[in-house]
Amino acid sequence: MNLASSLGVENPPKPLTDFKDLIQERAGAEGGAFIYNPKVDDIASKYGVIGPDEVRMLVMGTVDRGGSGCMCPASAFLRALLRHLMLKEKSAVILDMEAGIEHLGRGTTRGMDLMIVVVEPGARSLETAERIKKLSSEIGIKHLAAVINKGGAGKVNDKLEEMGIQVLGEIPFDPKLMQADLEKRAPIEVGGEAVDAIVKIKEKLMEVVEEIRIEEEASKSKK
C-alpha cells in the first residue's frame, strides 16, 4: 500500500481498473463480449506517474470484487498490458505482486525473466518460498531468487540454498525505515543500514540479470 511513498511519488496514480470507460472502450464489445487483445501500448506513458528517480509507476488495481458484474474486459485489459510491458517494452519492468501465491495460479507472472521472493526468517515463510518455486516452474519461470527481510538470516540462507533458490542479500531490521514511512519520505532519502543493504542487493540483482541475458542469448544461438 505504501509503495508510492517508498518510491518518492507524492501523488500516486489511480488504479487502472478505476478507468471503467477506458477499459470498456479498449476491451469491451457489444452483447457482453470482450476484446481479448486490446490496444495498450500507450497506457504506461499516459497513466503512469514518474518518481524523482525517473521510475514510472502504474497501479493495476484489482478485478475480483464480488457482485460487481462481468470482469472479463478488465481482466483482458490488464493481461494485455502486462504482456506488452514485459515482452514489448525495452525498459526494465518490476512487478510488485501481492504477498502469497495467488498471482501464480492466475498466470499473470508469465514471461518474466526473474522472480524475487521476499522471505521472512521463519519456517512458514520458507514453506511459502518452496511452494512458489514449484508453481513458478510450472508456468515457465526458470529463474528464482530470494531476499531475506528483517535480518536474522542464519539457517534461512542455508535452507534457501538447499531449495536451489539463490539469495541476493539480506535487509536488516532498521528503525530508519519506520522513520521514513512515518515521514512519508522515500527510504533512499533517509538512508541507513537497510538502504545500504538494498543498494548491494540491487548490484547483485544486476549481475544475475546479466547472467540470465547471456544464458538466453547462448540458448538462442544454439537454435
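Me: What makes E217 and R213 a salt bridge?
Reply: Distance, in this predicted model. The closest N and O atoms of the pair are 2.6 Å apart, and the cut-off is within 4 Å, so the pair counts as a salt bridge. E217 and R213 both sit in helix 10, 4 residues apart, about one turn of the helix.

Me: Why is E217 called partly exposed?
Reply: Its relative accessibility is 46%. Buried is under 20% and exposed is over 50%, so E217 falls in between. R213, at 37%, counts as partly exposed too.

Me: What about E138 and K134, buried or exposed?
Reply: Exposed: E138 has a relative accessible area of 52% and K134 is at 51%, and the cut-off is over 50%. These two also meet in a salt bridge, at 2.7 Å from N to O. Both lie in helix 6, 4 residues apart.

Me: How do you know that the buried residues of helix 6 line one face?
Reply: The buried ones are S125, L126, A129, I132 and S136. Looking down the helix axis, they fall within an arc of 115°, so they line one face. The face turned away from that buried side carries A123, R124, E127, R131, K134 and E138, which are exposed.

Me: And what does helix 6 lie across?
Reply: Strand 3 and strand 4, running at about 165° to strand 3.

Me: What makes K150 and E120 a pair that ties together separate parts of the chain?
Reply: First, the bridge: K150 and E120 have their closest N and O atoms 3.4 Å apart, and that is within 4 Å. Then the location: K150 is in the loop between strand 4 and helix 7, while E120 is in the loop between strand 3 and helix 6, so the pair links parts 30 residues apart in sequence. E120 itself is partly exposed, at 28%.

Me: How do you know that strand 4 and strand 5 pair?
Reply: Count the bridges. There are 5 joining strand 4 to strand 5, and pairing takes at least two, so they pair. The two strands run parallel. One of the contacts to look at is V147, whose bridge partner in strand 5 is G169.

Me: Why are strand 3 and strand 5 called edge strands?
Reply: The open sheet has 3 strands in the order 3-4-5, with parallel pairing. Strand 3 and strand 5 each pair on one side only, which is what makes them the edges.

How values were computed
Residues numbered from 1 in each chain as written. Predicted model: local features only at pLDDT ≥ 70, side-chain atom pairs only at ≥ 80, totals over all residues. Heavy atoms only, no water. Buried < 20%, exposed > 50% of the residue type's maximum accessible area, 1.4 Å probe, protein only. Arc of directions from axis to C-beta. Contact = heavy atoms within 4.5 Å. Axes fitted to C-alpha atoms, helices over the stretch in contact; angles between N-to-C directions. Salt bridge = Lys/Arg side-chain N within 4 Å of Asp/Glu carboxyl O.
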